[in-house]
Amino acid sequence: MNIALIGYGKMGKAIHEIAKQRGHEAVLIIDAYNLHDLTAENISKADVAIEFTSPHTALANVLFCLQHQTPVVCGSTGWLEKLDEAKHVAAQNKTGLIVASNFSVGVNIFFEVNKRLAQLMSQQDSYDVTLKEIHHTAKKDAPSGTAITLAEQVLDAVERKTKWVNDAAVNSAELSIISERIDPAPGTHHVKYSSAVDDIEIIHTAHNRSGFALGAVLAGEFLIGKSGFFGMKEVLNL
């Protein structure tokens, strides 16, 4: 598989390493110093683009690839209010698109556990639920996209919570997400249900970036020959 890596920070380098281990080749690498190389001719050499940049540049990069019929795996967060536009362009160009807040195999299993726990706790009014996420200080968004996904899963099932807030909750209808930035911290997410008599807590702790990188490469492999919008649930057959 020929890959275009758009964004070559720590995640881009980790994805490159995993891709090489799995026999793939990076035919185009774009970072802050060679943006002019993201051209129609260059992107056409790639079977798939893997995009990890920033909330401010992700949409333009995704649309450019889709408009040139190059499937895209995007792990940038903080721009997803524009996701429907990207899905529309993918459909128009009969091209594949995967966007996920987290590509880790473990986190995506954690998502499924979170959904099931939220269903079980939906009628247990004596429990309050809170979220906490911890990342390194260079992370550009807060709360993390993963924390937002977890929160939205809770809101879907637990009707006594009506919205999430990125702070301590001021009333019982708010779902608190506390964000902490500490170095070094690849990423930890807590979901905690507390009552007067006990606590139930699920935690995912990443040890390094390899799990995220492997998931992104698996998503790229999945996307070859497909068109439409997919998530990691389809990639991992969860």
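His24 is buried, with a relative accessible area of 14%. That makes this histidine a friendly place to begin a tour of the structure, which is a predicted model.

**Around His24**

His24 sits in the loop that connects helix 1 with strand 2 (25–30). Setting aside residues within four places of it in sequence, His24 is in contact with Met1, Ile3, Ala19, Val217 and Glu221. Two of these partners are met through polar atoms. The side chain of His24 comes to 3.4 Å from the backbone nitrogen of Met1, and a polar contact of 2.7 Å links the side chains of His24 and Glu221. Val217 shows how the chain folds back on itself: His24 and Val217 are 193 residues apart in sequence, yet their C-alpha atoms are 9.2 Å apart in space.

**The chain as a whole**

Stepping back, the protein chain has eight helices and eleven strands. Its radius of gyration is 19 Å, close to the 18 Å that the globule rule gives for 238 residues, so the chain is as compact as a globular protein of that length. Along the principal axes, the C-alpha atoms fill a box of roughly 60 × 40 × 30 Å. Of the 238 residues, 48% count as buried. The chain exposes about 11500 Å², and carbon and sulfur atoms supply 51% of that area. Among contacts between residues at least 6 apart in sequence, 66% join residues at least 24 apart.

**Two nonpolar cores**

In soluble globular proteins, nonpolar side chains tend to be buried together. Here the largest nonpolar core has 25 residues, and Ile15, Ile50, Phe52, Val73, Ile98, Phe103 and Ala219 touch the most other members. Strand 1 (2–6), helix 1 (10–21), strand 3 (48–51), helix 7 (210–223) and helix 8 (232–235) each supply at least two residues of this core. Helix 7 gives the most, with seven residues.

Which residues does Ile98 contact, leaving aside its neighbours within four places in sequence? They are Val72, Val73, Cys74, Phe103, Ala219, Phe222, Leu223, Phe230 and Val235. Apart from the largest core lies another, of 24 residues, including Ala46, Leu59, Phe64 and Cys65.

**Salt bridges**

Side chains of opposite charge can pair when their charged atoms come close. The structure holds nine salt bridges, and the table shows some of them.

| Salt bridge | Closest N to O distance |
|---|---|
| Glu112 and Lys115 | 3.2 Å |
| Arg181 and Glu133 | 2.8 Å |
| Glu174 and Lys163 | 3.8 Å |

Glu112 and Lys115 are three residues apart in helix 5 (residues 105–121), so about one helical turn separates them. Glu112 is partly exposed at 26% relative accessible area, and Lys115 is partly exposed at 28%.

The pair of Arg181 and Glu133 links distant parts of the chain: Arg181 lies in strand 8 (residues 174–181) and Glu133 in strand 6, 48 residues apart. Arg181 counts as partly exposed at 25% relative accessibility, whereas Glu133 is buried at 0%. Strand 6 covers residues 128–135. Beyond its neighbours within four places in sequence, Glu133 is in contact with several residues, among them Ala142, Pro143, Ile177, Arg181 and His189.

Glu174 in strand 8 and Lys163 in strand 7 (residues 163–165) also link distant parts of the chain, eleven residues apart. Glu174 is buried at 9% relative accessibility, while Lys163 is partly exposed at 43%. Finally, salt bridges that share partners join Glu112, Lys115 and Lys233 into one network.

Conventions:
Residues numbered from 1 in each chain as written. Predicted model: local features only at pLDDT ≥ 70, side-chain atom pairs only at ≥ 80, totals over all residues. Heavy atoms only, no water. Core = buried A, V, L, I, M, F, W, Y, C linked by side-chain atoms within 4.5 Å. Buried < 20%, exposed > 50% of the residue type's maximum accessible area, 1.4 Å probe, protein only. Helix = DSSP H or I, 4+ residues; strand = E, 2+ residues; numbered from the N terminus. Contact = heavy atoms within 4.5 Å. Polar contact = N/O pair within 3.5 Å; in protein donor to acceptor, adjacent residues only side chain to side chain. Rg over C-alpha atoms; globule rule 2.2 N^0.38 Å. Areas by Shrake-Rupley, 256 points an atom, 1.4 Å probe, with all protein chains shown as cover. Salt bridge = Lys/Arg side-chain N within 4 Å of Asp/Glu carboxyl O.
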